[in-house]
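Me: Hi! Could you walk me through this model? I'd like to go through the sheets, the helices and the pocket.

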Amino acid sequence: MTMQEFYDGKAFDAYKYFGAHIENDKVVFRTFAPSAERVTVFGSFNNWTEEEMKRETEVFSFVSDKAKPGDMYKYVIYTKDGVRVEHCDPYGFGMELRPAFASYVVDISEYDFTDEKWMNSRTKNYNSPMNIYEVHLGSWRTKEPQIDENGEIITESQWYKYNEIADELIEYVKKNNFTHIEFLPLSEHPADCSWGYQNTGFFAPTSRYGTAAQLKELIDKCHNAGIGVILDFVLVHFGIDGYGLAKYDGTALYEYPSDDVGYSEWGTCNFNFSRREACSFIQSAANYWLKEYHFDGLRMDAISRAIYWMGDPGRGVNENNVAFIRNMNTGLHDLHPTAMLIAEDSTAYLKVTAPVEYDGLGFDYKWDMGWMNDTFDYFRTAPWERHNHYHKLTFSMAYFYNELFLLPISHDENVHGKATVIQKMYGDYDEKLLECRAFYMYMYTHPGKKLSFMGNEIGQFREWDEKREQDWDLLSYPVHDSFHKYMKDLGRLYKTRKCLHDAEYNMQTFKWLVSDACEQCVYIYERSSGGSIMICALNLSGMEQTITFNAGRKIKMKEILNSRWEEYGGDIKKSRKVISADTDNNITLKIKPLSGRLFDVTL
């Protein structure tokens, strides 16, 4: 990086210059604070005695022959108003556990990856299965509380370290036929309840779960087990904590100076990407996680808030932010051609996943929030009223080919009074289980990559709470154990049947066979690719339906999955009966209420 690149917003490796770096057996501290009157550094290496940093135009630096990896340090910014503020290092590679906030001197080269085979063969998965398991690392599983001989709690349940949880998490992910893990933000944050979305350490993996080397070990193990890893990356806003980026040098260095656009709906500070130094900061952080930690992709949070002023289309497009996104994505694609950039965006802004050279934003995938909202609205509706809402389940295919969509059932849909997926389903306990199995058959046979939040696969009724691990004891109940088996089998079919993931962004690979049976609430569609053909038939009414459809050619259908089979908690004995089209290529199916049938097709 050159300083000119930094000032122009073109730097992607600013973290290699700023922060604390080991150079010639010494540690060099550098921080960007153009409006500060003076800056000092103090830490465990100098008995927390402030030492003056040398000013070089807008950068302050200090060279220490005492500091070493593992030492803590802080910067003290003295503003021109005479205020003294202690700060963590914006480019620090490690931080103390909240509420403390000192940065750590970290040698980020201390871990040697062994995942060359994975990295060399990695793709963006356009024609491969991508079944993402979204995980909040602190509440997937926790260590049991320690209890003394009198039954008194000595220590509460605790978090596992990155490397401690690696083997168990990887085994679970593989058994459940997920292909990728997506972690909620792992960069340092002060409030557990923010889940990592209010960052104070954009380059520091949270110390809740261990060190930088331990996180790298987790990712390395995932890759060697054939599992991809995606990081939820927060680029639009940051925490307001006084020791972080807010008013870092006494002025609005990273945020907007105006409160009208300076604060987000979450009470955080919005990044001001008309400041090119802020652009260099964020895109360097994005590059850092991809390069130094070997993440396979970044899920970019709250892109709608970057595209539009305050996320409101009525206030217009924020052209500076859009230009920044395009420049960042272009640079990241050049540096990491096989890494995935995924936009969480709920707007109708055009060309989110189109290449920048074709006036797009340059993302590889976009979350299909419209599909998610329409589908949940439909399944909340009483079965006898669904004929009035029939096309909520057909509408998604009318726009599907406009972008490269990913179907998300994320943490946001399992918390804060929204109810978990299974609770969203209409009906009593048994009906919810039936509906949920049909819902997931629809999801996994619908074009688009998949994402599901932890706990969904076991039919968890309790909303997610970051303070508690998942309700694994549900698996001791036969109905939930059967539901879990269904989800594993559905994932296996998605991974192994080419037509369910290959060429899915080609409109020739999807065909509606029944898409107007409003009164019956029956949907039938075909997926095909490279000689692999499947037909999915759904009856989402409250009554058994018999329907005849034309297959368009002479085919034979063998049922391979039925959401009402007994092994999944249903009431139908498993059968592999073959159904053949008649001389007019017609097929007649009976479908139980609130269920789905999935067939392999041969010509």
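What follows is a chat about how the parts of this chain are arranged.

Reply: Happy to! One thing up front: this is a predicted model.

Me: Good to know. Let's start with the barrel: which strands close into it, and in what order?

Reply: Eight strands close up, in the order β10-β13-β16-β19-β20-β21-β22-β23. Their pairing is parallel.

Me: And how much are neighbouring strands turned against each other there, on average?

Reply: By 25 degrees on average, with direction ignored.

Me: Can we zoom in on one pair? How many bridges join β21 to β22?

Reply: Two bridges, between β21 at residues 365–367 and β22 at residues 405–409, and the strands run parallel. K366 has F405 of β22 opposite to it.

Me: Which helix packs on the sheet there, touching β21 and β22?

Reply: That's α10, residues 369–380. The direction of α10 makes about 45 degrees with that of β22.

Me: OK, pocket time. What volume does the largest one have?

Reply: About 540 Å³. The lining of that pocket has 24 residues, and those nearest its centre are W195, W266, D301, H411 and D412.

Me: Which helix gives the most to that lining?

Reply: You've met that one already: α10, with three residues. α8, spanning 303–307, is another helix that supplies at least two.

Me: What's the chemical mix of the lining, by class?

Reply: An even split: eight nonpolar, eight polar and eight charged residues.

Me: Now the helix pairs. At what angle do α5 and α7 pack?

Reply: Helix α5 (residues 212–224) and helix α7 (residues 276–293) pack at about 65 degrees, and their axes are 10 Å apart. That angle makes α5 roughly perpendicular to α7.

Me: Which residues make that contact?

Reply: From α5 you have A212, L215, K216 and I219, and from α7 there are W289, E292 and Y293. Sorted by class, the contact has five nonpolar residues, two charged ones and no polar ones.

Me: What about α13 and α14, what's the angle there?

Reply: About 10 degrees, again with the axes 10 Å apart. α13 covers residues 429–445 and α14 covers residues 478–496. The two helices are therefore roughly parallel to each other.

Me: And who meets whom between α13 and α14?

Reply: On the α13 side are Y429, L433, C436, R437, Y440, M441 and Y444, and they meet V479, H480, F483, Y486, M487, L490 and Y494 of α14. By class, that contact has twelve nonpolar residues, one polar and one charged.

Me: Which strands does α14 lie across?

Reply: β28, at 556–562, and β31. α14 runs at about 140 degrees to β28.

Me: So what kind of sheet are β28 and β31 in, open or closed?

Reply: An open one of six strands, in the order β24-β25-β26-β31-β28-β29, with antiparallel pairing. The edge strands, each pairing on one side only, are β24 (510–517) and β29 (578–580). Neighbouring strands in this sheet are turned by 25 degrees on average, direction ignored.

Me: How many bridges do β26 and β31 pair over?

Reply: Six, in the antiparallel sense, with β26 at residues 532–539 and β31 at residues 595–602. Within that region, L538 stands opposite G596 of β31.

Me: Last topic, backbone oddities. Where is there a cis peptide bond?

Reply: Between R98 and P99, where omega is about 5 degrees. P99 sits in the loop between β8 (84–87) and β9 (103–104).

Me: And which residue other than glycine has a positive phi?

Reply: N24 is one to look at, with phi near 55 degrees. N24 lies in the loop between β1 (19–23) and β2 (26–32).

Me: Why flag those two features?

Reply: Because most peptide bonds are trans, and most residues other than glycine have a negative phi.

Note on methods: Residues are numbered from 1 along each chain as its sequence is written. This is a predicted model: local features need pLDDT of at least 70, side-chain atom pairs count only at pLDDT 80 or more; totals for chains, interfaces and linings use all residues. Side-chain values use heavy atoms; hydrogens and water are left out. Axes are lines fitted to C-alpha atoms, for helices over the stretch in contact, and angles run from 0 to 180 degrees between N-to-C directions. Helices (H or I, at least four residues) and strands (E, at least two) are DSSP runs, numbered from the N terminus. Angles under 35 degrees count as roughly parallel, over 145 as roughly antiparallel, 65 to 115 as roughly perpendicular and the rest as oblique. Contact means heavy atoms within 4.5 Å. Ala, Val, Leu, Ile, Met, Phe, Trp, Tyr, Cys and Pro count as nonpolar, Asp, Glu, Lys and Arg as charged, and the others, Gly among them, as polar. Two strands pair if DSSP finds at least two bridges between them. On a 1 Å grid over the protein atoms alone, a cavity is a set of points where a 1.4 Å probe fits but cannot get out, and a pocket is an open set with protein on both sides within 12 Å along at least five of seven lines; lining residues have an atom within 4 Å of a point. Grid points are joined across faces, edges and corners, and a volume is the space filled by probe spheres set on the points.
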